[in-house]
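Please explain how the helices and the charged side chains of this structure are arranged. An account in running paragraphs would be preferred.

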Amino acid sequence: KELYVTCSAGISLYPQDGPDVDTLLKNADAAMYRAKEHGRSNFQFYTSEMNERVNERLALENALRRALERQELALHYQQKVSLKTGAIVGAEALVRWLHPEWGLVRPARFIPLAEETGLILRIGEWVLREACRQARAWLGAGLQPGVVSVNLSVRQFKQEGLIRTVSRILEETGLDPAQLEIELTESMVMGNVDAAIAVLQGLKQLGVALSVDDFGTGYSSLSYLKDLPIDALKIDRSFVRDIGGGDEADEGVLAQAIISLGHALHLKVVAEGVETDAQMRFLRRHGCDEVQGFYYGEPVAPMAHAKLLESAKRKARR
């Protein structure tokens, strides 16, 4: 067999990058990680900025490990609205980290680190349990939260025992499985289609709904799509952003295509990232089922979302 080997190299120089072997090796290691970040198969010389980044990453990782124990994580909920009725039909649960010193840490900053370190498994399980607990609490208060959606990470999806974990959490919280939706990205599903179908079928047997998030941005095989036991497709916000962009010939053409495809496969279609009245009207005109985005409201804390549900309940009585 013929093997091709590539190399990522980090270089530190004596004496400017360190007075001893240990320091030089540590700094060369930091430079090597920068080389990997730059696409591998290249070399990088050490700079003091790299050490700062390594120390910052280490501090972030240590703080993230303690975040769950210290109850610094919280869920915010972004409402999903039916374009046919205008009613709130569900919400997507989104994790937030409120650090006592740093304030609100953006998910884009800590989720990739959680994935890389494996902490995403603990965080993901907490998110799933908390979303189910909160939905059950809203129901107990006489509110109608609809279907609460939770995003699965790649590591969670590949983890053995995922179906048992979801089943256990539903049992512990007492939530009807029909009121939970699990969102997966198309790249997760398409990585190993046969294995993915087996997991999806196991989740479907529990009674939960399944949706494919960010649809159209990955490498979906349409021949497999019809075999996936899913309930919904979510149009990625990048396709929604094209609507109202000024070029009428191309306006929303990909969003229209996904809506048509979804309905042909008897799937619900949800558009995310809706920010303008023009986008909402376009999607409603072309038969999109549900939408979410800043046009209807940003993700809010549980108490604020409960007020939205209470207001919707009062309107329904009129």
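**Charged pairs and a helix**

At a relative accessibility of 43%, Arg-281 counts as partly exposed. Salt bridges with shared partners join Lys-80, Glu-92, Glu-181, Glu-183, Lys-234 and Glu-272 into one network. The model under discussion is a predicted one, and a search of the whole structure finds 18 salt bridges.

The side chain of Arg-281 meets that of Asp-277 in a salt bridge, with an N to O distance of 2.6 Å. Asp-277 is likewise partly exposed, its relative accessible area being 30%. Both residues belong to helix H12, which covers residues 277-285, and they lie 4 residues apart, about one turn of the helix. An α-helix has 3.6 residues a turn, so residues three or four places apart point the same way. Side chains of opposite charge can pair when their charged atoms come close.

Helix H2 (residues 48-67) holds another pair with a spacing of 4 residues, about one turn of the helix: Arg-65 and Glu-61. Their side chains form a salt bridge at 2.9 Å, N to O. Glu-61 has a relative accessible area of 15% and is buried, because the cut-off for burial is under 20%. Arg-65 is partly exposed, with a value of 34%.

Two members of the network named above, Lys-80 and Glu-181, also deserve attention. A salt bridge of 3.0 Å, N to O, connects the side chains of Glu-181 and Lys-80. This pair links distant parts of the chain, since Glu-181 lies in strand S7 (residues 180-185) and Lys-80 in strand S3 (residues 73-82), 101 residues apart. Glu-181 is buried, at 3% relative accessibility. Lys-80 is buried as well, with a relative accessible area of 3%.

Helix H4 offers a check on geometry. Its 21 residues, 120-140, should span 30 Å at 1.5 Å a residue, and the end C-alpha atoms are 30 Å apart, which agrees. The expected value is 30 Å because the rise of 1.5 Å is multiplied by one less than the number of residues. The buried residues of H4 include Ile-120, Ile-123, Val-127, Leu-128 and Trp-138. Glu-130 and Gln-134 are also among the buried residues of this helix, as are Gly-124, Ala-131, Cys-132 and Ala-135. After H4 comes Gly-142, whose phi is positive, near 85 degrees.

Note on methods: Residues are numbered from 1 along each chain as its sequence is written. This is a predicted model: local features need pLDDT of at least 70, side-chain atom pairs count only at pLDDT 80 or more; totals for chains, interfaces and linings use all residues. Side-chain values use heavy atoms; hydrogens and water are left out. Helices (H or I, at least four residues) and strands (E, at least two) are DSSP runs, numbered from the N terminus. Buried means under 20% relative accessible area, exposed over 50%, partly exposed in between (1.4 Å probe, protein chains only). A salt bridge is a side-chain nitrogen of Lys or Arg within 4 Å of a carboxyl oxygen of Asp or Glu.
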